[in-house]
Amino acid sequence: MEMLVNPALRSPLTRQQMVAAFGSTLQFDRELASLTTFGTGGPARYFLQALSETELADAVVNATRHGIPFFLLGGGSNVLVSDSGFDGLIIKVAIGGMNRIDGDTIECGAGERLTDLVGFATDQSLSGLEFAAGIPGSVGGAVCGNAGAYGSEIGSIISRVVLCDSKGEIKTVDSSYCQFSYRHSCMKETGETVLRVQLELKSGSREAIDGKVQEILAERRGKHPINQPSAGSFFKNIPDQSEEHGKLPAGRLLEKIGAKGMTVGGAKVFEKHANIIINAGGATSKNISDLADIIKEKVSKQFGIKLEEEIIRIGRF
Ligand SMILES: Cc1cc2nc3c(=O)[nH]c(=O)nc-3n(C[C@H](O)[C@H](O)[C@H](O)COP(=O)(O)OP(=O)(O)OC[C@H]3O[C@@H](n4cnc5c(N)ncnc54)[C@H](O)[C@@H]3O)c2cc1C
């Protein structure tokens, strides 16, 4: 989450003061495009990778103390970075660790890849995460945005979350604290960092779990862009109880307005799925943003529905 602190508190530090405050691993003007699945966008003024809970808490405390806006980055698979970059600190959450701790519970660091967690659960013959097969990004990003597919969401199998607030205080909360709903958790508003999570799964047959995972991966290969950069669905589906899973797919409306194949510069609406914008080659974030605005406007005019973005924008657009 981007934490915009009171600008009055902002006191630009010199390079030396920044290194003194954040440590020698702090990077300046770090390019971000390669850290996102869209592969677009400008640099971060400051960049830090947090490998441990302490490093993460220190970075958050220092950023808050010095009035430096910061943004937590996981796998970069649900973000669009402005071409002018981010004038603040990007904290890449890289906290690892995956263990079966007790019965059917797995504890996992926020920086682990969600797909690795699915693999670990499969190897442990634990069922409940199969729906997440093929969803890119980190476990922390998935929990923050309550990632889901095929009618299931990660929030429904989370029992505990270890969080860090903007004062660097670390607390353990249960899943009700997170207020999980469609592509949402309270961490999107509070800006708290997910450090670690516990997931409650169910013992099952490894063969059956792996079979489901492979089935989902095959299905995703058929409708998601595999070799072309994207951030998955650009817009959220629309609540509608008369539809499957209680949602009217945004892609259906986008298909009806003829979005598939539309382009702006190097940005293109994916031919197989109208709710996915791809970087078809050389796209800028502005190309992607402009294309999203055009198709959103067409949906609004034709259906009177204002599509809400699922992707998170970083920096100024
Ligand atoms: C090909 C493709 C297919 C996809 N399919 C799906 C799908 O089926 N279902 C789905 O839900 N999504 C899907 N996505 C979108 C994306 O993969 C998910 O939203 C994913 O969970 C984002 O995780 P991330 O680590 O990449 O988050 P990022 O993109 O890095 O960040 C997203 C948000 O999470 C916040 N965040 C990241 N880490 C933390 C943390 N540790 N603590 C607190 N906040 C944090 C960021 O500040 C930001 O606001 C798809 C994306 C692609 C490219």
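In what follows, Ala, Val, Leu, Ile, Met, Phe, Trp, Tyr, Cys and Pro count as nonpolar, Asp, Glu, Lys and Arg count as charged, and the others, Gly among them, count as polar. By these classes, the shell around the ligand has 17 nonpolar, 16 polar and no charged residues.

The structure is a predicted model, in which local features need pLDDT of at least 70 and side-chain atom pairs count only at pLDDT 80 or more, while totals for chains, interfaces and linings use all residues. Residues are numbered from 1 along each chain as its sequence is written. The pLDDT is the predictor's confidence in each residue, from 0 to 100. Its average over the chain is 95, and 97% of the residues score at least 70. Over residues 1-10 pLDDT stays under 50, and the model has 19 contacts for them beyond four places in sequence; two residues are in contact if their C-beta atoms, placed from the backbone, lie within 7 Å. Where pLDDT is low, the predicted coordinates should not be read in detail.

The chain is divided into domain 1 (2-93), domain 2 (98-208) and domain 3 (226-314), with bounds that come from an automatic or database domain assignment. Between the C-alpha centres of domain 2 and domain 3 there are 26 Å.

Next come the sheets. Helices (H or I, at least four residues) and strands (E, at least two) are DSSP runs, numbered from the N terminus. Two strands pair if DSSP finds at least two bridges between them. One open sheet has five strands in the order 7-8-14-12-13, with antiparallel pairing. Strand 7 (98-102) and strand 13 (170-174) are its edge strands, each pairing on one side only. Within this sheet, strand 12 (residues 158-164) and strand 14 pair over six bridges, and Cys-164 has Thr-193 in strand 14 as its bridge partner. Helix 2 (residues 53-65) lies across strand 12, strand 13 and strand 14, at about 140 degrees to strand 14. Such angles run from 0 to 180 degrees between N-to-C directions, and the axes are lines fitted to C-alpha atoms, for helices over the stretch in contact.

Another open sheet has four strands in the order 16-21-20-19, again antiparallel. Its edge strands are strand 16 and strand 19 (263-264). Three bridges join strand 20 (residues 267-269) to strand 21 (residues 276-279), and Ala-267 is paired with Asn-279. Helix 9 (residues 285-303) lies across strand 19, strand 20 and strand 21, at about 35 degrees to strand 20.

Back at the ligand, 33 residues surround it, the closest being Gly-74, Gly-137, Gly-140, Gly-141 and Gly-232; a residue is near if its C-beta atom, placed from the backbone, lies within 6 Å. Elements giving two or more residues to the shell include strand 14 (193-200) and strand 16 (230-233). The largest share, four residues, comes from helix 4.
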